[in-house]
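I sat down with this one over coffee and kept notes as I went. Here is what I looked up, entry by entry.

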Amino acid sequence: MEDGILKAISTDGSIRAVIASTTCLVADAREKHQLSFTATAALGRALTGGVLLAPMLARRGQVALKFQGNGPLGKILVDASPEGTVRGFVDNPQVELPLNSLGNFDVGSAVGHTGYLHVTIDQGFGLSHTSTVELATGEIGEDINQYLVNSDQTGSVVVVGTHLTSAGVEAAGGLIVQLLPDHTEETICRIENNIGTFGTFTFLMRRGLSLEQILGRILDGFTLQTVTAVHPVSFKCKCSNDRFFEALKVLGKDDLVSMAEQEGKAEGRCHFCNEHYYVGKERLLDLARSD
Ligand SMILES: [Zn+2]
């Protein structure tokens with residue numbers, strides 16, 4: 001299945017849902033950052049969470065998620081746009097932990113069971129707003145759920161999953177179902193029962209179901225109205241050679257000259273995508289002269 005996202009609402013006005021497949025973009029992140037299995041599972045869930053939250057929380061601009069836990073992975077930072085681009089990194093991409101008692105990658109211990117999730121919404125007008133919640137478990141999905149419950153007081157169901165084998169990322173994706181004011185007590189139970197009956201999100205993906213079909217299984221019993229067609233999503237960074245060069249302009253003439261003379265170059269690496277940038281001595285001296 002190609003990576004994509006779609007939004008739907010139930011005709012009875014009790015729920016709205018955002019669902020995404022993110023297998024390729026998580027595989028892309030794994031390769032760019034040379035992630036361990038545990039780090040792939042953790043960053044994969046966080047990237048998927050960003051993809052799902054961006055169109056829910058912002059019309060334009062971006063939504064950034066920072067998971068700052070006390071585990072060995074360090075911080076995880078992800079930012080995503082409502083247009084379907086996402087990027088992110090983890091401080092310590094090589095950390096590997098043994099599987100947990102359920103036989104799953106131990107994302108909770110890797111991220112840390114205590115710490116904070118900071119969610120920054122930037123609507124693209126130069127103003128941004130950050131909310132902070134304590135991590136629920138460090139398992140990413142439950143932490144995002146905690147944020148949603150805290151911020152809009154309505155319940156939600158958050159599922160983010162990454163299925164990895166020695167061959168790589170076999171499936172990644174997730175959904176967020178938000179309860180609207182017309183929901184009843186039974187709404188969440190029905191969704192949770194459906195997940196129990198039909199299997200996990202990535203299990204359904206690996207069986208070859210489309211996003212519409214997975215949504216139909218997880219929201220079985222609700223009459224859905226699809227609001228949007230499937231829209232592509234991808235890992236895309238904002239860095240470029242030009243941006244790196246522009247960033248050098250903040251340095252003064254003397255700093256540029258001494259960098260050119262002493263180092264013979266300027267080098268940098270983008271945190272978000274691990275891309276390496278390089279500017280040679282002559283261009284540095286040209287830049288110093290153009291000040
Ligand atoms: Zn980058």
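**Entry 1: strand E1.** I began with strand E1 (residues 4-10), which is mostly covered, with five of its seven residues buried. A note to self before going on: this is a predicted model.

I then looked up its partners. E1 runs antiparallel to strand E2 (residues 15-21), and six bridges join the two. Within E2, alanine 17 stands opposite alanine 8. The hairpin of E1 and E2 has four residues between the strands, and there I found glycine 13 with a positive phi near 70 degrees. E1 is also joined to strand E10 (residues 224-226), again antiparallel, by three bridges. Here serine 10 has leucine 224 in E10 as its bridge partner.

**Entry 2: the open sheet.** Next I traced a sheet of six strands, which is open, has mixed pairing and follows the order E7-E6-E3-E4-E5-E11. Strand E7 (128-134) and strand E11 (234-235) are at its edges; each has a single partner strand, so one side of each lacks a neighbour in the sheet.

I picked one pair for a closer look. Strand E3 (residues 62-69) and strand E4 (residues 76-80) are antiparallel, with five bridges between them. Valine 63 has alanine 80 in E4 opposite.

What lies across E3 and E4? I found helix H2 (residues 37-57), which also lies across strand E5 (85-90), strand E6 (115-122) and E11, and runs at about 35 degrees to E4.

**Entry 3: the zinc ion.** Which residues are the protein donors of the zinc ion? I listed Cys237, Cys239, Cys270 and Cys273, each through SG, at 2.2 to 2.3 Å from the ion. I checked the geometry too: the angles subtended by the four donor atoms are 97 to 114 degrees, so the arrangement is tetrahedral. The spacing of the donor residues in sequence reads C-x1-C-x30-C-x2-C.

Two of these donors link distant parts of the chain, 31 residues apart: cysteine 239 sits in the loop between E11 and helix H8 (241-248), and cysteine 270 in the loop between strand E12 (265-269) and strand E13 (276-280).

Are they buried or exposed? Cysteine 239 has 22% relative accessibility, so I noted it as partly exposed. Cysteine 270 has 12%, so I put it down as buried.

**Entry 4: domains.** Last, I looked up the domain assignment, which gives domain 1 (4-235) and domain 2 (241-289). Their C-alpha centres are 37 Å apart. Eight residues from domain 1 and four residues from domain 2 take part in the contact.

Technical notes. Residues are numbered from 1 along each chain as its sequence is written. This is a predicted model: local features need pLDDT of at least 70, side-chain atom pairs count only at pLDDT 80 or more; totals for chains, interfaces and linings use all residues. Side-chain values use heavy atoms; hydrogens and water are left out. Two strands pair if DSSP finds at least two bridges between them. Contact means heavy atoms within 4.5 Å. Axes are lines fitted to C-alpha atoms, for helices over the stretch in contact, and angles run from 0 to 180 degrees between N-to-C directions. Donors are N, O and S atoms within 2.8 Å of the metal (3.2 Å for Na, K and Ca); water is not among the atoms, so sites may look incomplete. Four donors count as tetrahedral if all angles lie between 85 and 135 degrees; four count as square planar and six as octahedral if opposite donors are over 155 degrees apart and all others between 65 and 115; anything else is irregular. Buried means under 20% relative accessible area, exposed over 50%, partly exposed in between (1.4 Å probe, protein chains only). Domain bounds come from an automatic or database domain assignment.
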